[in-house]
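Thank you all for coming; I would like to take a few minutes to walk through one contact between two helices and the charged side chains involved. Please have a look at the model first, and then we can go through it together.

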Amino acid sequence: MNQTEKIIGTHLEQTLRALRQQYQALLKEAGLDVTPEQWVLLDLLDQHGNLSQAELAQRSLKDAPTVSRMIGHLIRKKLVQRKRGQDDQRRYDVALTEGGKRACKLTRPGIQKLRALGWKGLSEEAYEEFLRVLKKVQENMAD
């Protein structure tokens, strides 16, 4: 393999750009004014119910300030709301509004189709190997 072929960052960036464009087009077509990254937060809340900002950051693999900004945007769009934590009154949980629930229900089938399209022709073993390689590259870069 020559040096050009080993530049994983370029391949990852091209793949990520193509994915983002597809997801953004789907969200726009559905009339939902959110970024794919914001949709990830909506999806997490739809799947897991109320979550704290820290839990959203951890599950979305984003840093806390970024998640806080994204939540602010989603609140302004009336898709999520902050609620006092049930277990700890000092903590705020983030919850979907009725509009957020409708948005998830509306877009989930299209998102699932895009995910399936991305893995078309690839086996479960290929997916597992892909994740293993990505994690190894992440570990290498963290060292």
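Before anything else, a word on a term I will lean on: a residue counts as buried when its relative accessible area is under 20%, as exposed when it is over 50%, and as partly exposed in between. Please also keep in mind that what you see is a predicted model.

Let me begin with helix α2, residues 36-48, and helix α5, residues 98-118, which pack at an angle of about 110° with their axes 11 Å apart, and are therefore roughly perpendicular to each other. On the α2 side the contact is made by W39, L42, D43, D46 and Q47, and these meet C104, T107, R108, I111 and R115 of α5; sorted by class, that gives four nonpolar, two polar and four charged residues.

So which residues are linked in a network of salt bridges? They are D43, D46, R108 and R115. Within this group, the side chains of D43 and R108 form a salt bridge at 2.7 Å, N to O, joining positions 65 residues apart, while D46 and R108 form another at 2.5 Å. As for accessibility, D43 is buried at 7% and R108 is buried at 18%, whereas D46, at 33%, counts as partly exposed.

Turning to the whole structure, a search finds eight salt bridges, and one of them pairs K77 with D33 at 3.9 Å, N to O. K77 sits in the loop between α4 and β2 and D33 in the loop between α1 and α2, so this pair ties together parts that are 44 residues apart in sequence. Here K77 is partly exposed, at 32%, and D33 is exposed, at 61%.

Note on methods. Residues are numbered from 1 along each chain as its sequence is written. This is a predicted model: local features need pLDDT of at least 70, side-chain atom pairs count only at pLDDT 80 or more; totals for chains, interfaces and linings use all residues. Side-chain values use heavy atoms; hydrogens and water are left out. Axes are lines fitted to C-alpha atoms, for helices over the stretch in contact, and angles run from 0 to 180 degrees between N-to-C directions. Helices (H or I, at least four residues) and strands (E, at least two) are DSSP runs, numbered from the N terminus. Angles under 35 degrees count as roughly parallel, over 145 as roughly antiparallel, 65 to 115 as roughly perpendicular and the rest as oblique. Contact means heavy atoms within 4.5 Å. Ala, Val, Leu, Ile, Met, Phe, Trp, Tyr, Cys and Pro count as nonpolar, Asp, Glu, Lys and Arg as charged, and the others, Gly among them, as polar. A salt bridge is a side-chain nitrogen of Lys or Arg within 4 Å of a carboxyl oxygen of Asp or Glu. Buried means under 20% relative accessible area, exposed over 50%, partly exposed in between (1.4 Å probe, protein chains only).
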